Amino acid sequence: MKRIIVATALTVVATLGVGGCAGSSSGTEPQGPPKPGGSLTVYIPSEVTSLSPGVSGRTYFESMIYGNLITLDASGMPHPVMAESIGMVDNDPAHWNLTLRQGLRFTNGEPLNASAVKYNWEWHADAANGSWIASNVKDLLGELTVVSDVSLDIKLTRANPDFYVDVVSPLNSPAAPSSLADKQRNDRNPVGAGPYMFDSWVEGSKLRLARNPGYFDPERPYLDQIEIVPVPDSSQMVNVLAANPNSIALAPSGRVAADFQAAGVSTVSQEGPGGPNFFLNNRNAPFDDVRARQAVARALDLNDLNASVFDDTESVATGVYPPDHPYFNKDVHQLSYDKSAAQQLVDAYVAEKGPMNFSIVAPPTEPYASMAQWAAQQLNTLSDVKVTVEQLESNTWQTRVNGTYAYNMSPFNTGWNGAVSGNFNIHRTPNRLGYSDPDVDALFDDLEVQSDLDERKSTVDALLRFTYEDVPIVWAVRAKYFWARGSAVGGLEMWGKSDIHADELFVSQ
């Protein structure tokens, strides 16, 4: 079954921050048509702790179990998978419709219909269920109405011309309602409608998935089995993949991808919408003072970050947008490295409030662990500044930054899609940065109703001038996302950030 392009009277428009980038690859993959059968091992850099959608934090394997309603094509536009279409109703960015394919079913036989999608989205909005997008979904979704078995009417709490980008999140991968109703059971024995279904899981060791014979596309998936294995040590990851032709691995950084390539392993890469940056929590001292935030921005030599942490494999950011983006303006950029200016800002802060002491929270995974250590070393060269690194288990780190906002500074991956407004507007959630400025809020409100590109560019320029001066976030690098593949693996194609089309994977031996 070929993928069907969205063709509908409903309108979808590309607006603020929606963009895509075609992936690139090194090496060659097996030639000829995909070969059905076989087993694939997927190496990942950290352990799986939950299998429920929105709780695991790993959409690349959630989609294996639960499937995707849509994906994004290389231009950032929606591409239907289990959905037939998604679009605005009557060109109203606060009113959308999702239409599903006919006859979809979960692996337990339950129908994957509009009622099931509604149940899933409302489940994600309930913070008690632990979905990392809970606050954002609750803030965004207004009224969900089941129009028919395949049609869901969606009224948002406010205009959002990029709503389909918000769908490409855990909302995109619905679980069977009867399974999701018992989260503890779903965490350990999930039921979805994706190309693969749960088989077994040895925590800390191996997650095994089996081919879903009832997948909506009868020609896919090609593999009989997928085994997902955590390998936290990147050197070991390179070695085990090099020895296993029927395997792929998620490379946690460009440095690790270079190690794969040096070992003769092919890689597939894609520049994502954003990358790992530094969040500054404006709620807490010292970053409730703009001088402290500006001092951090001036003290961090991002070229050195790229060399020290990423082996110069990434592009250093000058702000939100890359040079090839329509909203990029070379004259509007964030504060640049100036250590002397950084010390002057610290001195002014210290004279009034005392020493600048704070912590950077980070998980043990890369590149965040190394970014935190690097930033602490850079900042500790300033007088009257003492920075410590607090390393947290990955889920705890996500909760601290995403949920309770109990942190001072943290490396965190974010892009320039619609989620950025949540970081900058205190009246919207999740506001991880705790940043609030009425002028910035008003500019975001203007963007929600503007359609003329030149008008939007002018508004974006004004918005960025405010935020670059206020420094709620230090944009660090434009990240590339990498997968490495064994010599017998074909069909490894990336989309979004680090997601892959799991139903297209195959092995030649």
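Here a trainee and a mentor talk through a helix and a sheet in this predicted model.

Trainee: Let's start with helix H7. Which of its residues are buried?

Mentor: In H7, residues 234-242, the buried ones are Met237, Val238 and Leu241. To earn that word, a residue needs under 20% relative accessible area.

Trainee: Why do we say they line one face of the helix?

Mentor: Look down the axis of H7: the buried residues fall within an arc of 100°, so they line one face.

Trainee: And what covers them?

Mentor: The cover includes strand E2 (39-44), strand E12 (247-251), helix H8 (254-262) and strand E21 (480-485). Contact here takes heavy atoms within 4.5 Å.

Trainee: What makes aspartate 233 and serine 235 a polar contact?

Mentor: At the start of H7, a side-chain oxygen of aspartate 233 comes to within 3.2 Å of the backbone nitrogen of serine 235. The cut-off for such a pair of N or O atoms is 3.5 Å, so this one counts.

Trainee: Now the sheet. Why are E5 and E7 called edge strands?

Mentor: The open sheet has 4 strands in the order E5-E6-E8-E7, with antiparallel pairing. Strand E5 (83-89) and strand E7 (141-146) each pair on one side only, which makes them the edges. From one strand to the next, the twist averages 20°.

Trainee: How do you know that E6 and E8 pair?

Mentor: Pairing takes at least two bridges, and 5 join E6 (residues 92-100) to E8 (residues 151-156), so they pair. Threonine 99 stands opposite serine 151 in E8.

Trainee: Which helix lies across E6, E7 and E8?

Mentor: That's H2, residues 114-125, running at about 160° to E7.

Terms used. Residues numbered from 1 in each chain as written. Predicted model: local features only at pLDDT ≥ 70, side-chain atom pairs only at ≥ 80, totals over all residues. Heavy atoms only, no water. Buried < 20%, exposed > 50% of the residue type's maximum accessible area, 1.4 Å probe, protein only. Arc of directions from axis to C-beta. Polar contact = N/O pair within 3.5 Å; in protein donor to acceptor, adjacent residues only side chain to side chain. Axes fitted to C-alpha atoms, helices over the stretch in contact; angles between N-to-C directions.
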